[in-house]
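Below is a colleague's note, set out as numbered points to be read alongside the structure. It begins with the domain contacts and then turns to the ligand.

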Amino acid sequence: MTFENSLAYAQAQDAADPLRPFRTEFLFPEHDGRAAIYFTGNSLGLQPKAAAAALKQELDDWAGLGVEGHFRAKHPWYSYHEELTASTARLVGALQEEVVVMNQLTSNLHFLLVSFYRPKGRRVKILTEQRPFPSDTYALASQIRFHGLDPDQCLMEVRPRPGEHTLRPEDIIAKINELGDALALVCFGGVNFLTGQAFDLKGITDAAHQVGAFAGFDLAHGAGNLHLKLHDDGPDFACWCSYKYLNSGPGGVAGAFVHQRHLGTELPRFAGWWGHDKRERFRMERTFKPMPTAEAWQVSNAPVLPMAVHRVALEQFDRAGMERLRAKSIHLTGYLRWIIEGISDTHGGMFNIITPQDPAQSGAQLSILVNGDGRGIFDRLTARGVFCDWREPDVLRMAPVPMYNSFEDVYRFGEALAECVEG
Ligand SMILES: *Cc1c(COP(=O)(O)O)cnc(C)c1O
């Protein structure tokens, strides 16, 4: 692909972008009277304009109907989560019975680990990526302790080779094979939050299954970013949050996937009334009879207010389509990479983009190691109304999001970065 560092080129790309109209459906923070350059959609996605009306609908139904809203609201609260199932299944490439919207991300990870981390005999270890998001490390280590085992012995990470920053796919597979029958579970991110590296879900899943282990993924940075095919790729479980690429608001409701092969089986789980067979839920019987779908993992009734926002956001993903979003994302992120490399070249190679260039190993995020005053550059960008993210000691992260970012955003970001590098 040939790029050009000019406003005219960027605007021509935007004019040809079939997803262009989506930008106008979002509220952007402003800086000096114009939309900020918002490259932190991997951290908190922007607010869809339609979110406020969706929330108001539920508040009005609550005001007007009280408890009767459970069955008589415009979107009855009793079955609210079911209205999110079809879009969620399309979003992550799953069957409808394999997905459920519920709880929050780390809670879902715990509930799924109850079912899928069951250490036995020699098979006690969990393999994860180097430096997963801290919450995942806490969850995995505490689950290991919960089984009376020692995280120092049981929680293994795949590390990059000396001098490298990301993982080689063949090293992940080799580690799985090396652990063999000591391995109970491989639990990876879909995209590493720090490096932006995307992992091969199918390759990792197949390797885990070959040694008799389960495979699960935390898709916090994968859902709404990668074109996922969970059913076909075959992991045993996955979970994600909705406030990053899925634009569903701070602390929004999360999602979970359990592969079809585990539905209706005797897997242990922590149960609650919303996982009980819905036809009999209100008989309030003492014996738990699980739903034959991923809803068996639900414990509580649906949090309608965050779900109202999530409904709006999912509907946008339905209209945009992951295939088109992903195609734009590869183009947009490729442009940003090219712009940053140009600036780096004129400044003695001060930026080292550690996110792999291969589109199979990356999503909408670029992570840059800064040789020099990275913190100063970040602070100057922030002062100019550019939203990106700084991780000590030396990583600058940015995510051009295909749903609402433009090629012009990337061009203007390049202008701002070039000036901020000068000091
Ligand atoms: C963002 C993120 C979380 C956050 O967890 P919550 O339960 O939503 O607070 C956890 N894990 C990963 C990998 C993340 O990227």
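1. Between domain 1 and domain 2 of this predicted model, twelve residue pairs are in polar contact, with both partners at pLDDT 80 or more. When contacts of every kind are considered by residue, 29 residues of domain 1 are in contact with 24 residues of domain 2.

2. As for where the two parts begin and end, domain 1 is made up of residues 7-35 together with 321-422, while domain 2 covers residues 55-320. The C-alpha centres of domain 1 and domain 2 are 29 Å apart.

3. How much area is buried between domain 1 and domain 2? The figure is about 2200 Å², and carbon and sulfur atoms give 56% of it. On the side of domain 1, Met322, Ile354 and Gln361 supply 25% of the area buried against domain 2, which is more than any other three residues there contribute.

4. The count of salt bridges between domain 1 and domain 2 is one. A salt bridge is formed by Arg319 with Glu25, and the closest N and O atoms of Arg319 and Glu25 are 2.9 Å apart.

5. Turning to the ligand, which residues surround it? The shell consists of Leu105, Thr106, Phe133, Asp136, Asp218, Ala220, His221, Tyr243 and Lys244, and by class these residues divide into four nonpolar, two polar and three charged.

6. Three side chains of this shell deserve a separate look for their polar atoms. Tyr243 has a side-chain N or O atom 2.5 Å from an oxygen atom of the ligand, and His221 likewise places an N or O atom of its side chain 3.0 Å from a ligand oxygen atom. For Asp218 the ligand partner is a nitrogen atom, which lies 3.1 Å from a polar atom of the Asp218 side chain. Taken on its own, the ligand has 390 Å² of accessible area, of which the protein covers 82%.

7. In reading the two sites side by side, one may keep in mind that Arg319 and Glu25 form a salt bridge, whereas Asp218, by way of a polar side-chain atom, lies 3.1 Å from a nitrogen atom of the ligand.

Notes: Residues numbered from 1 in each chain as written. Predicted model: local features only at pLDDT ≥ 70, side-chain atom pairs only at ≥ 80, totals over all residues. Heavy atoms only, no water. Near = heavy atom within 4 Å. Polar contact = N/O pair within 3.5 Å; in protein donor to acceptor, adjacent residues only side chain to side chain. Areas by Shrake-Rupley, 256 points an atom, 1.4 Å probe, with all protein chains shown as cover. Nonpolar A, V, L, I, M, F, W, Y, C, P; charged D, E, K, R; others polar. Domains from an automatic or database assignment. Contact = heavy atoms within 4.5 Å. Buried area = accessible area lost by both parts, 1.4 Å probe. Salt bridge = Lys/Arg side-chain N within 4 Å of Asp/Glu carboxyl O.
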